[in-house]
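Me: I am new to this structure and would love a close look at one part of it. Could you walk me through the sheet and what surrounds it?

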Amino acid sequence: GQAHSLLEYVEQTGAIPNFVGIKYTDYNLMDFSLSMQVAKGKYNMLYARDEQALAALELGADAAASSTVQYSPSLRQAIDLWY
């Protein structure tokens, strides 16, 4: 994953003035962690892999963008209790 490179580029150039974050869909939690550190955490980071959502939340993701959780009240409740 190279999301952190994109975020660094956007931060350095100001190319997208209304840029606020990304929906991260790669499995690479190291890149996700690096992405969250760009500009001291300025950008909103959503994690979009159901099977790693809890790990991403533990790393500091702002939210999990999960299609599965959207239709499963019991999963949603479990995440709410944990998070």
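Me: To start with, which residue in β3 is the bridge partner of Y47?

Reply: Happy to help! The bridge partner of Y47 is A64, which lies in β3. Please keep in mind that this is a predicted model.

That pair belongs to the link between two strands: β2, covering residues 44-47, runs parallel to β3, and the two are joined over 2 bridges. Stepping back, the sheet is an open one with 3 strands, arranged in the order β1-β2-β3 and paired in the parallel sense. At its edges you will find β1 (21-24) and β3 (63-64), each of which pairs on one side only.

Now for what lies against the sheet. Helix α2 packs on the sheet and touches β1 and β2, and the direction of α2 makes about 160° with that of β2.

The same α2 also has a helix to pack with. Helix α1, residues 3-13, and helix α2, residues 29-37, meet at an angle of about 15°, and their axes are 8 Å apart. Because angles under 35 degrees count as roughly parallel, α1 and α2 are described as roughly parallel to each other. Their crossing is right-handed. On the α1 side, the contact is made by A3, H4 and L7, while α2 brings in D31, L34 and S35. Sorted by class, the contact of α1 with α2 holds 3 nonpolar, 2 polar and 1 charged residues.

It helps to place all this in the whole chain. There are 5 helices and 3 strands, and from the N terminus on they follow the pattern α-β-α-β-α-β-α-α. The C-alpha trace spans about 45 × 25 × 20 Å along its principal axes.

Finally, a word on confidence. The chain has a mean pLDDT of 90, with 96% of its residues at 70 or more. Among the elements, α2 has the highest mean pLDDT, 97, whereas helix α4 (residues 67-70) has the lowest, 72.

How values were computed:
Residues numbered from 1 in each chain as written. Predicted model: local features only at pLDDT ≥ 70, side-chain atom pairs only at ≥ 80, totals over all residues. Heavy atoms only, no water. Axes fitted to C-alpha atoms, helices over the stretch in contact; angles between N-to-C directions. Helix = DSSP H or I, 4+ residues; strand = E, 2+ residues; numbered from the N terminus. Parallel < 35°, antiparallel > 145°, perpendicular 65-115°, else oblique. Left-handed = near helix turned anticlockwise from the far one by under 90°. Contact = heavy atoms within 4.5 Å. Nonpolar A, V, L, I, M, F, W, Y, C, P; charged D, E, K, R; others polar. Pairing = 2+ DSSP bridges. pLDDT = per-residue confidence, 0-100.
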